Each structure stands twice: as structure tokens, then as C-alpha cells.
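Subject: Handing over a structure, with notes

Dear colleague,

I am passing on the structure below, together with some notes that I hope will help you find your way around it. Please keep it open beside you as you read.

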Amino acid sequence: MRYYFVLPFVVPMGQGCHRIRIERGSSMTTASKLLAATACAMLFVAPASVLALDSTETFPEGEMDLEFFLGLHGLKGGRHFDGLEFETSLNYGVIDRFSIYGRGQVGSDGDFDAVSGGAAFGIIGNPLDTDHFDFDLMLEFGFGDFGLALIPSVELNFDLKPDLRLWGVYIRIEQILGADMDAGGSGFQAFSAVTAGTYWTIKDGHKLLAEYDMQFANNPAAGERVVDVGRVALGYNVGIGSNVDMINEIHCDVPQSGEKPAFGFSVGFKVHAINKR
């Protein structure tokens with residue numbers, strides 16, 4: 001049976017989920033728990049929703065945004081799927097180019113007999129902001145039934161036109177440091193994740209996105225997969241009125257080592273400036 005965790009968004013509260021998958025038997029080994037913990041933590045890895053594609057952006061000073069998403073993953077044909085998850089996040093622009101956020105996520109396996117969840121808090125800073133290049137720094141702390149995780153990350157964006165008005169690309173690099181509290185805090189696992197994405201603003205309020213991610217185990221246990229080729233995803237974000245965006249994503253986990261392709265999707269909404277009505 002494949003044990004599958006999905007953030008995210010995760011991954012910018014408001015970014016895509018990185019799927020790390022592990023095999024399990026009737027019980028999970030300590031190494032498996034560590035991998036699961038790290039994968040679960042990655043649900044919160046981006047300063048945006050892990051169930052949505054997008055580049056990382058800080059939030060306007062003094063503005064509070066609300067996001068919520070519902071996603072399903074692990075469709076391989078027939079009615080069965082691997083899991084269902086719901087995520088919500090609250091984002092706040094503290095000062096210009098510096099934001100904070102908090103996120104919560106609950107999920108279940110496809111049989112609805114195993115519930116999991118967690119929460120995360122993070123900061124986003126934007127030390128370089130030009131018309132064509134942006135450089136963002138993020139730090140996140142996550143916790144839940146998976147254990148604890150600390151996730152520093154960086155992102156570099158190139159925009160052909162200022163303010164995301166036409167086309168751009170971005171690359172994000174994350175370092176996930178996870179600890180399994182069931183092991184008394186002694187269990188530790190580290191992963192590096194790389195995400196590459198592109199967007200095309202068709203017209204104001206309509207954006208298409210494509211993204212690919214992969215992960216690398218930094219200290220793999222014996223027999224553990226070192227490289228996970230990750231997934232490809234497509235997104236369509238559309239503005240609804242003056243302060244609401246609808247965020248849609250479909251994705252496919254790339255088959256590896258004889259696996260079958262697995263598909264998933266998520267739908268969510270981002271409500272801007274809920275504190276300024």
C-alpha cells in the first residue's frame with residue numbers, strides 16, 4: 001500500500017504541494033515515520049497554499065488575506081483515491097516586503113479511516129524587488145501528528161513585465177528538516193526540494209501556470225529512495241470580482257520504479273483584504 005501525504009500548498013500561502021511517497025506494510029518503521037513527517041510538513045512549505053500553484057509574493061502592508069482549499073490526490077483509475085485534504089491559511093503584510101502567515105491542514109486517506117493534520121507558521125521577506133527580478137526568503141515551522149519540521153527556502157523570479165502582467169518563470173529551493181517526536185526527538189530526516197514553474201497572464205484576472213518539482217533525501221536510510229522525480233501540475237487562477245481569486249490545479253505524479261501515474265486536483269479561493277471592508 002502506498003502511504004501518501006499532501007500538504008501543499010503547499011506550497012506562497014498562495015504556492016504547490018510536494019509529494020514524497022513511501023511504502024509501508026502493516027506498520028511504519030521509524031525511518032518511514034520520519035519520511036512521512038517530512039512529507040507532511042511539506043504541505044506547508046510555501047508562503048502560499050500548497051494546494052495552489054504560484055510564485056511567492058509578500059502581501060501588501062496592513063492587509064490580511066484568507067485562503068482555503070479542498071484537494072484530492074492519488075487517482076489511478078476507478079473510484080479509489082489515496083487521500084482528501086482541506087487547508088486554510090491566514091496571511092498578513094506586516095510592513096512593505098515582509099509578511100507572516102499561519103496555516104492549518106486536515107486530511108484523510110481514501111478509505112476515510114485515518115485522519116491526519118498539522119499547522120504551520122512562517123515569514124516571507126523580499127530583499128530584492130525590481131521590475132524584472134525578485135528574490136524571496138522564507139522560513140517556516142510546522143508541527144502535527146507527523147512531528148516537527150523547520151523549512152528555510154529561497155525563490156528567484158523573472159518577470160518579463162512588471163507586476164506579473166505577462167509571463168515569467170521562478171525556481172524555488174527548500175531544505176526540509178524533520179524530527180519524529182515519537183522517537184523522543186532523536187529521529188531526524190533532511191530533504192532538499194526543487195520547484196521550477198512558469199506563468200502566463202492571459203489578461204487581467206486570468207493566469208495559467210505550470211510547475212514541476214522533485215525531492216532529494218539528504219541522509220537516506222538503507223533501501224530508501226534518494227531521488228523522487230515528483231510531479232507536474234497545471235493551474236488556472238481567475239479573479240472573481242474585485243477581491244476574490246479562484247485557484248484551480250490539476251497534477252500528475254510522475255511514475256517511478258514501476259509505479260502507475262497518479263492524478264489529483266484542488267479547488268480553492270483567496271479573499272483579499274478581509275480586514276479592510
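Some of what follows depends on one cut-off, namely that a residue counts as buried when its relative accessible area is under 20%. Please bear in mind as well that this is a predicted model.

As an overall picture, the protein has one helix and 14 strands, and 51% of its 277 residues count as buried. It exposes about 11,900 Å², of which 66% is supplied by carbon and sulfur atoms.

A useful place to begin is strand β3 (residues 64-75), which pairs in the antiparallel sense with strand β4 (residues 83-95) over 10 bridges; here L70 stands opposite F86 in β4. Strand β3 is also joined by eight bridges to strand β14 (residues 262-271), again running antiparallel, and in this pairing L72 stands opposite F265 in β14.

There are 12 salt bridges in the structure, and one of them, between the side chains of E67 and K270, has an N to O distance of 3.9 Å. Because E67 lies in strand β3 and K270 in strand β14, this pair ties together parts that are 203 residues apart in sequence. E67 is buried, with a relative accessible area of 1%, and K270, at 15% relative accessibility, counts as buried too.

Another salt bridge is formed by R172 and E155, whose closest N and O atoms are 2.7 Å apart. This pair links distant parts of the chain, since R172 belongs to strand β9 (residues 167-180) and E155 to strand β8, 17 residues apart, and both residues are buried.

A further salt bridge, at 2.8 Å from N to O, brings together the side chains of E249 and R231. E249 sits in strand β13 (residues 244-253) and R231 in strand β12 (residues 227-240), 18 residues apart, and each of these two residues is buried. Through salt bridges that share partners, E211, D213, R231 and E249 are joined into one network.

Finally, I would draw your attention to D159, which is found in strand β8 (residues 147-159). D159 is buried yet has no salt bridge, and the nearest side chain of opposite charge, that of K207, is 7.9 Å away. The side chain of D159 does, however, make a polar contact of 2.8 Å with the side chain of Y199. Leaving aside residues up to four places away in sequence, D159 touches D131, H132, D134, L164, W167, G168 and Y199.

With best wishes

Notes. Residues are numbered from 1 along each chain as its sequence is written. This is a predicted model: local features need pLDDT of at least 70, side-chain atom pairs count only at pLDDT 80 or more; totals for chains, interfaces and linings use all residues. Side-chain values use heavy atoms; hydrogens and water are left out. Helices (H or I, at least four residues) and strands (E, at least two) are DSSP runs, numbered from the N terminus. Buried means under 20% relative accessible area, exposed over 50%, partly exposed in between (1.4 Å probe, protein chains only). Accessible areas come from the Shrake-Rupley method with a 1.4 Å probe; for residues, only the protein chains shown count as cover. Two strands pair if DSSP finds at least two bridges between them. Lys and Arg count as positive and Asp and Glu as negative; His and the chain ends are not counted. A salt bridge is a side-chain nitrogen of Lys or Arg within 4 Å of a carboxyl oxygen of Asp or Glu. A polar contact is a pair of N or O atoms within 3.5 Å; within protein, one must be able to donate a hydrogen and the other to accept it, and residues adjacent in sequence count only if both atoms are side-chain atoms. Contact means heavy atoms within 4.5 Å.
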